[in-house]
Each structure stands twice: as C-alpha cells, then as structure tokens.
Amino acid sequence: MSNFKKSLRLALTGGGNHNSFGVPSSLLVPPEIDLAFLDRYARKKWEDVLHFVVSSVGYKSSLGDGSGPNKGVKELLIAGRLVDRRPNGSLGITQAGFTFLLQEANAQVWTLLLLWLEVLGNNKSSGLDPVDMLSFLFMLASLELGRAYDTNALTEERRNMLPSLVDFGLIYIPQHKRSMFFPTRLATTLTSGGNSLRTISEGVTAATQSAQTSQQSLGPLGGGGEQQAGSVVIETNYRLYAYTQSALQIAVLALFAKLNMRFPDMVAGRLSRASIRQAINFGITADQIISYLAAHAHEQMHRTAALTNKPVLPPTVVDQIRLWQLENERMKTTSGFLFRDFTDDKDYLDTARFSEEIGVLVWKNDHARMFFANKHEQIKDFLKTRKRAE
Amino acid sequence: MPRAIRGVLIECDPSIKSIIVNIDSVNHDFIIEDLDEERVVVKENMVHLLKQKLEDRLKENLPPVDESGSE
C-alpha cells in the first residue's frame, strides 16, 4: 500500500526515473520556435491530412501529389477506410471520411491515432506495444506547449514513434536539432475536452451553429480550417458559389451540392435532386441544409435581401430542397395489427374506443368497422373479458 | 369474433398508393387490406421489397431532372 502511495506520488510529481511529464531538453531553444510557429506548423500538417481526405470530393486538389501528408499517413487513411481506392485507381472519400471531416479537430486527431495504434498493433513485427504507445500519447498530452523536450530521455520504442507523430503534426522536431522535440497544440490538447464523436448530421449542425455565433472556435486549431461565416452565395437557379479555402467547408458543401469548379479561393457548383438525395442518404435533413446555407450566406445575399425586402435564401430553392426531401419519404409505415370482422357496431365501437384510450389506435374507419393498432395484447385481453361477460 | 391481422400500415399520397396497388396487382402478394385512398395494410415481410419496387417504378416514370444545366 505504502509502495503504491509512493509510486503514485512520484508519478504525479514527475519525479524518479518514470518521467511521467517528460524530460525538458537542456539545449538552447532556437529563437524562431514560438507558440505561433508551432500552431502554424501543426495547422499546416493537419490541414494537409484533411485536404488529402477531402481532395476526392468532386474536385482535384490544387496542391497536386507532391505536397500533402506523408506516404505513411496516406496509407493509414486508406487502411482506416476514410478514403477508398476506386477501381480506376483514384482515391475517393468514404462515408466514414465524411464523418471524420465533420468532427472537432480533437476527435479527428484521436480517430487517426487510434487507427494508427490499431494498424501497428496488428503488425507484430513493428515491435511496438499499443499499451506503451497509448501511455506515451497520454504523456505527450501532459507536456507543456512551447517547451522543448529531450528525445534521448525516451525509450527506443517511443523514439521510433516520433517520425509518425511528426507526420501527424503532433510534435515538431527542428531540422538541425534532432535531439529535441516540441509538442504542438494538437498533442497537448489530446486529453482535454474530448467530445464524443459526432454523426454527419450533428457535424452539419455544429458547423451551422459555429457560423451563427460567428466564433471561429472549432476545436483547438480552428477545426479543419477557418469556418468563414458569410461565404456562400446561392442563386435562384440552384447555382452555388462559396468563397472559401477551408477543406472542411468545401467538404460540407460537397455533401449536398454538386461542386464542379474549384478556384484558389472559391468553389462553384449547384444543388440538384441527386445531390440533395445523396445528402439525405447521409442522414442530413433538408432543414439542416437550409440552416447551413442561411448561416453561411454571403454578405451580398444579406444586402440584396435587405434592399428588396426578401428572405436571404431564394424561397424557390428553400422550397425545392424541402420537396426533394419529401420525395424521398413517400410513405409512412407503422407496423401493428388490423382489427376487423366485428360482429356488430357496438362491439367495434367499444373496442376501438378502448384502443384509443390506451393510446395504441393508429387509424380507424367506423363505416368499415376496422381499425389499426400498433399493439394488440391489451386489446386481445379486452376482447376476451368482454366475451366472458356476455 | 373480430380478427387481428399482423401487418404494416402504409400511409402515402393517393398517387403513390395507386402505384402500390398496381405493383400488388401482379401477384397479389403485398396487400392485406386496401383501406382507403391514402392507406393500405401490407404484409410485414414484404415492405422492404415493396419499397424497392416503388423506387424502381418512380425512377422509370420521373424524367431525369435537368442535371446538365450549363455551368
């Protein structure tokens, strides 16, 4: 017991040779490496990853194959089925990929890390122990941002993990000082505010809300790029233009619009029956699409609307989106039981009234002496007792 | 003695309903009871197939909406 107490205290204070909080590097820190630098670096790395995931949504990345994440990261994303190799050899985003894009940055990092652990865990030859890797990640999360740590104090296994962590943007290692590493904000926020995973539909809602409050607070790094409020123009002919470079925003738009042109700071596309249908299949509702468009409407749309005293979004488009959704919900189904062949009116009326009272009645037709109920047990009992009473 | 028949109540537009009736008319293996303009009760195990057939039928009948539209 006292042993445990001692060890716990040691771990909490970072004392002894456990190094629970890492060993700060004693070397001189290059002056150019400050918080802003690390944030820029991590954001760049992470956006590369997002760009790679997103680059297959209806347009080609302007970056080409040369840049983007490291080969290892790409393979990881493919192994994790966030992107899929299509028969023609190109890469395409999967539904899991869409869900991934709409997560908070923190959840995205964890998704990727867990994939990584899984892949390495399956690969026995890597000699890496997932448990030790995980505890290393937790250690990283407890490190101080902007501080240099000593790589030599790490075990060899952990040192071998560093290149991958550099690829993910979780740590930075200066070119000319390989013996020190800096955790970035992606690493130090690993264990803070870990929201549960979002579904696609919740992701759209969250993106809408963040635009409505016009705060750029999407996770520690502004999510997958700045959510620009007021960047989308939608015309009465269903054409859509978005002035944005954000991978996330483009991905969200590609969920429900057919994007066919991409310029350095703008994408163009249109809403169509097929594109809305696809969105609905992803679990997004018409209302979510409409409120997303409303929340991201370009300043010019607001200005015109104010001048002409009309709604911000063209009513034809709004109505059509709703109609397209209705088209996909053509019938409402309720399973249950049809009661029929009642001997007389009284029998029918009493039973129907009873089922209405217990709240199982869905439909009735007094004339045909039939009704539909979604449960039958109590009605059966009711009929039995009635019969006995006769 | 009244009877209780297990089934699925489908509520839809009259136009959709008429298509359902039409699909059923081939083998009469979907509908248990035709209730009114907008409602039918169908066999529980056939709902999935019915939905599929309805989709197919609608695809045939709806002209491909203008997807070309000059950009």
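Here is a quick tour of a predicted two-chain model, from its confidence scores to one sheet in chain A and the contact between the chains.

Start with the scores: the model comes in at ipTM 0.83 and pTM 0.53. Chain B has a mean pLDDT of 83, with 85% of its residues at 70 or more. Among the elements of chain B, strand β3 (residues 39–42) has the highest mean pLDDT, at 92, and helix α2 (residues 47–61) the lowest, at 82.

Now for chain A. Strand β9 (residues 266–270) of chain A pairs antiparallel with β7(A) and also with β8(A). On the β7(A) side, A:A242 sits opposite A:V267; on the β8(A) side, A:L259 has A:G269 as its bridge partner. Those two β9(A) residues, A:V267 and A:G269, point to one face and are buried, while A:M266, A:A268 and A:R270 point to the other face and are not. Getting from β8(A) to β9(A) takes a hairpin of two residues.

The strand pairings, side by side:

| Strand | Partner | Sense | Bridges |
|---|---|---|---|
| β7(A), residues 239–242 | β9(A) | antiparallel | four bridges |
| β8(A), residues 258–263 | β9(A) | antiparallel | five bridges |
| β10(A), residues 331–340 | β1(B) | antiparallel | ten bridges |

The last row crosses between chains, and there A:R340 is bridged to B:R3. The whole contact takes 26 residues from chain A and 25 from chain B. On the chain B side, β1, β2, β3 and α2 each supply at least two residues, with β1(B) giving the most, ten residues. By class, that side of chain B has 14 nonpolar, nine charged and two polar residues.

Notes
Residues numbered from 1 in each chain as written. Chains lettered and ligands numbered in written order. Predicted model: local features only at pLDDT ≥ 70, side-chain atom pairs only at ≥ 80, totals over all residues. pLDDT = per-residue confidence, 0-100. Buried ≥ 20, exposed ≤ 12 C-beta atoms within 10 Å, placed from the backbone. Pairing = 2+ DSSP bridges. Contact = placed C-beta atoms within 7 Å. Nonpolar A, V, L, I, M, F, W, Y, C, P; charged D, E, K, R; others polar.
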